[in-house]
Amino acid sequence: MAPALFPNSLLYSVRAHHLLCARHFQGYGYSPAFVRRVRRTLALWQGRTQSLLSVINDYDAWCRACPNRGTDNCTTAVARDSLVLKHLGLVPGTALTWAAARELVGRKVDKNAAGRLCAGCPWLAGGYCRW
C-alpha cells in the first residue's frame, strides 16, 4: 500500500545498488530477458512520476530475470546493497520517487564513490558505467 502522502502512486521495490545501475543503463545485461526486464522497469518508473520506489537489500523485479540469481553473485549484491544504502543515508524500506532517487544518486555518488561502491562489478570494470 502506498503512503497516504502519495494516494495515487504505486510502490515498486528496488535493490539499493540497482539505483546506481539504473542511472547508467545502456541496454546491456546478463541475458536478453534481463535487459527486457530492466528496460520495462525503467520505462514504468519514468512514465509514472508519482510512483514510489521502496529501496531494499533483497531480490527485486530485475533479479527475477537474472540468470545469476542464487549464485555467489547474489551474496556480493547484498553486500553492495548495504554499502549503497549507507552511502546514500537510507535504510531498507525507504520510499522515494524515481526523480528523488535519481537526484540523490547524482548528488552523492561520484566517480570515487562508484569505484568503492561498485568494486568488483563487471559492468563498471567493463566501462559501461561513466561516473
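Two strands count as a pair if DSSP finds at least two bridges between them. Keep that in mind as you turn this predicted model in your viewer, because the tour starts with strands.

**Stop 1: the sheet**

Select strand 2 and strand 3 together. They run antiparallel to each other and are joined over 4 bridges. One of the partners to look for is leucine 52, whose bridge partner in strand 3 is threonine 97.

Now add strand 1. Strand 1 pairs with strand 2, residues 52–56, in the parallel sense, over 5 bridges. Two of the partners here can be picked out by name: tyrosine 12 is matched with leucine 53 of strand 2, and serine 13 is matched with serine 54 of strand 2.

Show the 3 strands at once and you have an open sheet with the order 1-2-3 and mixed pairing. Which strands stand at the edges? They are strand 1 (11–15) and strand 3 (94–97); each has a single partner strand, so one side of each has no neighbour in the sheet. Tilt the view a little: on average, neighbouring strands of this sheet are turned by 35° against each other, direction ignored.

**Stop 2: strand 2 and serine 54**

Select strand 2 by itself and colour its residues by burial. Of its 5 residues, 5 are buried. Both faces are covered, with Leu52, Ser54 and Ile56 on one side and Leu53 and Val55 on the other.

Zoom in on serine 54, which sits in strand 2. Is serine 54 buried or exposed? Its relative accessible area is 10%, and buried means under 20%, so serine 54 is buried. Next, show what touches it. Leaving aside neighbours within four places in sequence, serine 54 is in contact with Leu11, Tyr12, Ser13, Val14, Gly93, Thr94 and Ala95.

**Stop 3: threonine 97**

Move to threonine 97, which has its place in strand 3. With 14% relative accessibility, threonine 97 counts as buried. Draw a distance from its side chain: a polar atom there lies 3.1 Å from the backbone nitrogen of alanine 100.

**Stop 4: two helices across the sheet**

Select helix 1, residues 16–24. Helix 1 lies across strand 1 and strand 2 and runs at about 90° to strand 1. Then select helix 4, residues 72–88, which also lies across strand 1 and strand 2, running at about 110° to strand 1.

Stay with helix 4 and look at two of its residues. Leucine 85 lies in this helix and is buried, with a relative accessible area of 5%. Which residues does leucine 85 touch, leaving aside its neighbours within four places in sequence? They are Ala16, Val55, Asn57, Leu90, Val91 and Pro92. For a sense of scale, the C-alpha atoms of leucine 85 and arginine 116 are 13 Å apart, with 31 residues separating them along the chain.

Alanine 79 is in helix 4 too. At 44% relative accessibility, alanine 79 counts as partly exposed. Try a distance from alanine 79 to proline 32: they are 47 residues apart in sequence and 26 Å apart in space, C-alpha to C-alpha.

**Stop 5: the two sides of helix 5**

Select helix 5 and show its side chains. Trp98, Ala101, Leu104 and Val105 are buried. Why do they lie on the same side of helix 5? They cover an arc of only 125° around the axis, which puts them on the same side. An α-helix has 3.6 residues a turn, so residues three or four places apart point the same way.

Rotate to the face turned away from that buried side and you meet the exposed residues Ala99 and Arg107. Rotate back to see what the buried residues of helix 5 pack against: helix 1, helix 2, strand 2, helix 4 and strand 3.

**Stop 6: the core**

Finish inside. In soluble globular proteins, nonpolar side chains tend to be buried together. Here the largest nonpolar core has 29 residues, and those with the most contacts inside it are Leu19, Leu20, Trp45, Leu53, Val55, Leu88 and Val109. Strand 1, helix 1, helix 2 (32–47), strand 2, helix 4, helix 5 (98–108) and helix 6 (111–117) each give two or more residues to this core.

For a last selection, click leucine 20. Not counting residues up to four places away in sequence, leucine 20 touches Val84, Val105, Val109, Leu117, Cys118 and Trp131.

Technical notes. Residues are numbered from 1 along each chain as its sequence is written. This is a predicted model: local features need pLDDT of at least 70, side-chain atom pairs count only at pLDDT 80 or more; totals for chains, interfaces and linings use all residues. Side-chain values use heavy atoms; hydrogens and water are left out. Axes are lines fitted to C-alpha atoms, for helices over the stretch in contact, and angles run from 0 to 180 degrees between N-to-C directions. Contact means heavy atoms within 4.5 Å. A nonpolar core is a set of buried Ala, Val, Leu, Ile, Met, Phe, Trp, Tyr and Cys residues joined through side-chain atoms within 4.5 Å. Buried means under 20% relative accessible area, exposed over 50%, partly exposed in between (1.4 Å probe, protein chains only). A polar contact is a pair of N or O atoms within 3.5 Å; within protein, one must be able to donate a hydrogen and the other to accept it, and residues adjacent in sequence count only if both atoms are side-chain atoms. The arc is that of the directions from the helix axis to the C-beta atoms.
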